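Hi,

Here is the structure I promised to pass on. Have a look at it first, and then read my notes below.

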Amino acid sequence: MKTIYVKMTEEKIDIPVILQAGEILRGGGLVAFPTETVYGLGGDAFNPESSRKIYAAKGRPSDNPLIVHIYRLEDLEKVALKVPPAGWRLAETFWPGPLTMILPKKPELPPETTGGLDTVAVRFPSNRIAQALIEAGGGFIAAPSANRSGRPSPTLARYCREDLDGRVDMIIDGGKVGLGLESTIIDLTEETPVILRPGFITWENLSGLLGDVDAGSLVPGLDDDTAPKAPGMKYRHYAPKGTLTVVDGTREAVTAYVNDRIRRCRASGIRTGVICTDETKDRYEADIVRSAGSRQDREAVAGELFRILREFDDEGAEEIYAEAFDTSGVGRAVMNRLLKAAGSRIVHV
C-alpha cells in the first residue's frame, strides 16, 4: 500500500483533501490525523472491517477497545444506549476537548470497535481538522493513537509516518498537536464514576463537577486477564526502544542514583538518557539529557513527554532514567504514562 501524505493547518483546512480522506474512510480505509491530544488512526466506527484493519496496522490486541470520535454533541446518543445526567454535564462542560466517556453502547456498534464489550468509549475532539474529517467520514470515526502498538503516541505526523507508512491509506500532517497527551477516560457505567486513564481533565476537575469520583489505579495491572474497558489499561504502552526506569526520591538522592547508574552504563559502552526538569537538567552526566520543562508546570511536562521518548529512540538511548513526579493534578497523568512506558519499573531511593 502506498500511503498518501498531505499537510494542512486548522486555520487553512484543505477541503478537497478532507473530502478525499472522507471517501477513504467511508470505503473502509484508514486515515491518520491530528487531534488536540495526539495523532489518531481513524476508521469507520460502524464498519467492523475498518476496526480489524486498525488492529492489524497497529499490531494491537483486538480486545483493546477503540475510542469513537464524534463531531457534534447530539451524535452521542447515536452510539451510546443511555447517557446519564453526569454524562451530559461532562459533555456540556468539557466537550469539545480531551475527555473520553465510557457508556453502554448501541447494539448497532460492532464488537470489533468496542473490543467485544457492551460499552463504548466516546470523545468529541476540539481540533478543527479532526472535526472536519469526522464529518466527511460519516460522523463516527474509531481512532486509537496513530502509532505501532506499545510505542510512544505520536505528537508529530513524522512519527505516524515512521510507524505506519505503507500500512494506512493517508496521513494528514496538521503540525505539532496542542496538548501532547491522550484524553482522560472516565467510566460512567459504575455506580461511582471512575477514571480509567488520567489526562489533562484531572480528578480535581471531574470531582469538582460531579462530586464523588474514583481516581482509579495509577497503573492498572499489566497481567490482568480481564478485558480492558478502555485503551491503555492492560498492555504496555508508550515504550521507547531503550529500557526505561522511573526513579523516585529527593532531588539529591535521585541525581546521585541516576549518575551512578550512568557511570556503570558508560563503563559497559551503553548509551544513556535522562528525562528531567529545568531545575535538575545540569546535574546529570548522561549521553542525552532532556528537560520536559519546569517541575512547577506539569501541563508543559505532560505535553513534552512523548516527544522526548521518541527523540531517545532517534538518538539510540539504551538505558533511560526518568524523574518521578507528584501525582496531584496533571502530574497523575505524567506518572501514569511514565510507569506504563517503563512497564511499572520504578526505583525508590
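Before the cysteines, one cut-off: a residue counts as buried when its relative accessible area is under 20%. Keep in mind as well that this is a predicted model.

With that cut-off, Cys265 is buried, because its relative accessible area is 7%. Cys160 also counts as buried, at 0% relative accessibility.

You will probably want to know about disulfides. How many disulfides does the structure hold? The count is 0. For a bench reader the background is familiar: a disulfide is a covalent bond between the sulfur atoms of two cysteines. Why does Cys265 have no such bond? The closest cysteine sulfur to that of Cys265 belongs to Cys276, and it is 16 Å away, too far for a bond.

Next, the sheet that I would look at on screen. It is an open sheet of 5 strands with parallel pairing, and the order across it is β13-β12-β14-β11-β15. The edges are taken by β13 (288-291) and β15 (346-348); each has a single partner strand, so one side of each is left without a neighbour in the sheet. On average, neighbouring strands in this sheet are turned by 20 degrees against each other, if you ignore direction. One of the pairings is between β11 (residues 243-248) and β14 (residues 319-323), which run parallel and are joined by 5 bridges. To find your way there, look for Val247, which stands opposite Glu323 in β14.

Two helices lie across strands of that sheet. Helix α9 (residues 251-267) lies across β11, β12 (272-276), β14 and β15, and it runs at about 175 degrees to β14. Helix α10 lies across β11, β12, β13 and β14, running at about 170 degrees to β12.

α10 deserves a few more words. It covers residues 298-314, so to speak, with 17 residues in the helix. From first C-alpha to last, α10 reaches 24 Å, close to the 24 Å expected at 1.5 Å a residue. Even so, α10 has a kink of about 35 degrees, centred on Leu305. The helix is mostly covered, with 13 of its 17 residues buried. Just after α10 comes Gly316, which takes a positive phi of about 75 degrees.

Now to the strands with antiparallel pairing, starting with β3 (residues 40-44). Is β3 enclosed or open? 5 of its 5 residues are buried, so β3 is largely enclosed by the rest of the structure. β3 pairs with β2 (residues 31-33) in the antiparallel sense over 3 bridges, and the two form a hairpin with 6 residues between them. Within that pair, Phe33 has Gly40 in β3 as its bridge partner. β3 also runs antiparallel to β7 (residues 141-142), joined to it by 2 bridges. There, the bridge partner of Asp44 is Ile141 in β7.

There is another hairpin to look up, and it joins β9 to β10 through 6 residues. Strands β9 (residues 184-187) and β10 (residues 194-197) pair in the antiparallel sense over 3 bridges. In this pair, Asp187 has Val194 in β10 as its bridge partner.

Cheers

Methods:
Residues are numbered from 1 along each chain as its sequence is written. This is a predicted model: local features need pLDDT of at least 70, side-chain atom pairs count only at pLDDT 80 or more; totals for chains, interfaces and linings use all residues. Side-chain values use heavy atoms; hydrogens and water are left out. A disulfide is a pair of cysteine sulfur atoms within 2.5 Å. Buried means under 20% relative accessible area, exposed over 50%, partly exposed in between (1.4 Å probe, protein chains only). Helices (H or I, at least four residues) and strands (E, at least two) are DSSP runs, numbered from the N terminus. The expected span of a helix is 1.5 Å times one less than its number of residues. The bend at a residue is the angle between axes fitted to the seven residues ending there and the seven starting there. Two strands pair if DSSP finds at least two bridges between them. Axes are lines fitted to C-alpha atoms, for helices over the stretch in contact, and angles run from 0 to 180 degrees between N-to-C directions. Contact means heavy atoms within 4.5 Å.
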